[in-house]
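Hi,

Here is the structure I promised to pass on. Have a look at it first, and my notes on what turned up follow below.

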Amino acid sequence: MFQRITHTPEETKQIAKTLAELLGAGDVLTLAGDLGAGKTTFTQGLASGLGIEEAVSSPTFTLIREYEGRIPLYHIDVYRLGEQAGGENLGWDEYFYGNGVTVVEWADFIKNWLPDEWLQIEIQKTGDLERTIHISGVGERFQRMVKELDDRCPI
Ligand code: ADP
Ligand code: MG
């Protein structure tokens, strides 16, 4: 378990950027947290760490956005689909077992379709500018990744 408190959006992005160095093709990350917690902000840090220059915005109205970087980034936000997404496989495997890193906001809605191993990120708004970030790994690869992140993280 990795836990840090950040006090600016930049610090949140810095953690994500450090994490990005550890990621490879086929990795799946879930992002939980209320609206405005910083899920998209975190994803912007990931994108920057993956060498993506294009601006990352919230995919709420598009469901999935793809970005080209050192490794492609698939940013999925299933919020709009709500509970109905859980019942149906809308082709998620193409992303989860593809050539990129997949980040899923509101992954609870599609938890039936997640792979066996993934990285779980939770952001809580604990103050105006304060966010508490918890990261834990499901499966061996991601548990190791969390330890490495804990060692490397400058925050
Ligand atoms: P979500 O995608 O979870 O709905 P966003 O990333 O879109 O949230 O929005 C988070 C908002 O909170 C942004 O306006 C961001 O600038 C602000 N913010 C303030 N402090 C922080 C912090 N420490 N970490 C991340 N975001 C922060
Ligand atoms: Mg968002």
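His134 is a buried residue, with a relative accessible area of 15%. One thing to keep in mind from the start: this is a predicted model. His134 sits in strand 7, and its side chain makes a polar contact with the side chain of Gln3, at 3.3 Å.

Strand 7 (131–138) also turns up in the largest pocket: along with strand 2 (28–32) and strand 6, strand 7 supplies at least two residues of the lining. The space in that pocket comes to about 290 Å³. There are 19 lining residues, and the closest to the centre are Thr30, Leu31, Ala32, Asp108 and Gln120. Which strand gives the most to the lining? That would be strand 6, with four residues. If you want the chemistry of the lining, the split is nine nonpolar, five polar and five charged residues.

Now for ligand 1. The ligand has 16 residues around it, and the closest are Thr12, Gly36, Lys39, Thr41 and Leu129. These are the polar distances I'd look at:

- Thr41: a polar side-chain atom lies 2.6 Å from an oxygen atom of ligand 1.
- Thr6: an N or O atom of the side chain is 3.1 Å from a nitrogen atom of ligand 1.
- Ala37: a polar backbone atom is 3.4 Å from an oxygen atom of ligand 1.

So the side chain comes into play for Thr41 and for Thr6, whereas the backbone does for Ala37.

On to the charged pairs. Side chains of opposite charge can pair when their charged atoms come close. The count here is five salt bridges, and I'll go through some of them.

One joins the side chains of Asp150 and Arg4, at 2.9 Å from N to O. Asp150 belongs to helix 4 (residues 140–152) and Arg4 to strand 1 (residues 2–6), so this pair ties together parts that are 146 residues apart in sequence. How do the partners compare in accessibility? Asp150 is partly exposed at 36% relative accessibility, while Arg4 is buried at 15%.

Another salt bridge brings together the side chains of Glu21 and Arg152, with 3.0 Å between N and O. This pair also links distant parts of the chain: Glu21 is in the loop between helix 1 (9–20) and strand 2, Arg152 is in helix 4, and 131 residues separate them. Glu21 counts as exposed because its relative accessibility is 51% and the cut-off for exposed is over 50%. Arg152 is partly exposed, with a relative accessible area of 40%.

Arg152 has a further partner: its side chain meets that of Glu148 in a salt bridge of 2.9 Å, N to O. What separates Arg152 and Glu148 within helix 4? They are four residues apart there, so about one helical turn lies between them. Glu148 is partly exposed, at 32% relative accessibility. Through shared partners, the salt bridges join Glu21, Glu148 and Arg152 into one network.

Last stop is the loop between strand 5 and strand 6, where Trp106 lies. The backbone is worth a look there: Trp106 has a positive phi of about 60 degrees, although it is not a glycine. Is Trp106 buried, partly exposed or exposed? With 23% relative accessibility, Trp106 counts as partly exposed, since buried means under 20%.

Phe109 is in that loop too, between strand 5 (101–105) and strand 6 (118–125). Unlike Trp106, which is partly exposed, Phe109 is buried, with a relative accessible area of 17%. For a distance across the model, the C-alpha atoms of Phe109 and Gly24 are separated by 24 Å, with their positions 85 residues apart along the chain.

If you open the model with one thing in mind, I'd start with ligand 1 and the 2.6 Å distance to the side chain of Thr41, then move to the network of Glu21, Glu148 and Arg152.

Cheers

Notes:
Residues are numbered from 1 along each chain as its sequence is written. Chains are lettered from A and ligands numbered from 1 in the order in which they are written. This is a predicted model: local features need pLDDT of at least 70, side-chain atom pairs count only at pLDDT 80 or more; totals for chains, interfaces and linings use all residues. Side-chain values use heavy atoms; hydrogens and water are left out. Buried means under 20% relative accessible area, exposed over 50%, partly exposed in between (1.4 Å probe, protein chains only). On a 1 Å grid over the protein atoms alone, a cavity is a set of points where a 1.4 Å probe fits but cannot get out, and a pocket is an open set with protein on both sides within 12 Å along at least five of seven lines; lining residues have an atom within 4 Å of a point. Grid points are joined across faces, edges and corners, and a volume is the space filled by probe spheres set on the points. Ala, Val, Leu, Ile, Met, Phe, Trp, Tyr, Cys and Pro count as nonpolar, Asp, Glu, Lys and Arg as charged, and the others, Gly among them, as polar. A salt bridge is a side-chain nitrogen of Lys or Arg within 4 Å of a carboxyl oxygen of Asp or Glu. A residue is near a molecule or strand if one of its heavy atoms lies within 4 Å of it. A polar contact is a pair of N or O atoms within 3.5 Å; within protein, one must be able to donate a hydrogen and the other to accept it, and residues adjacent in sequence count only if both atoms are side-chain atoms.
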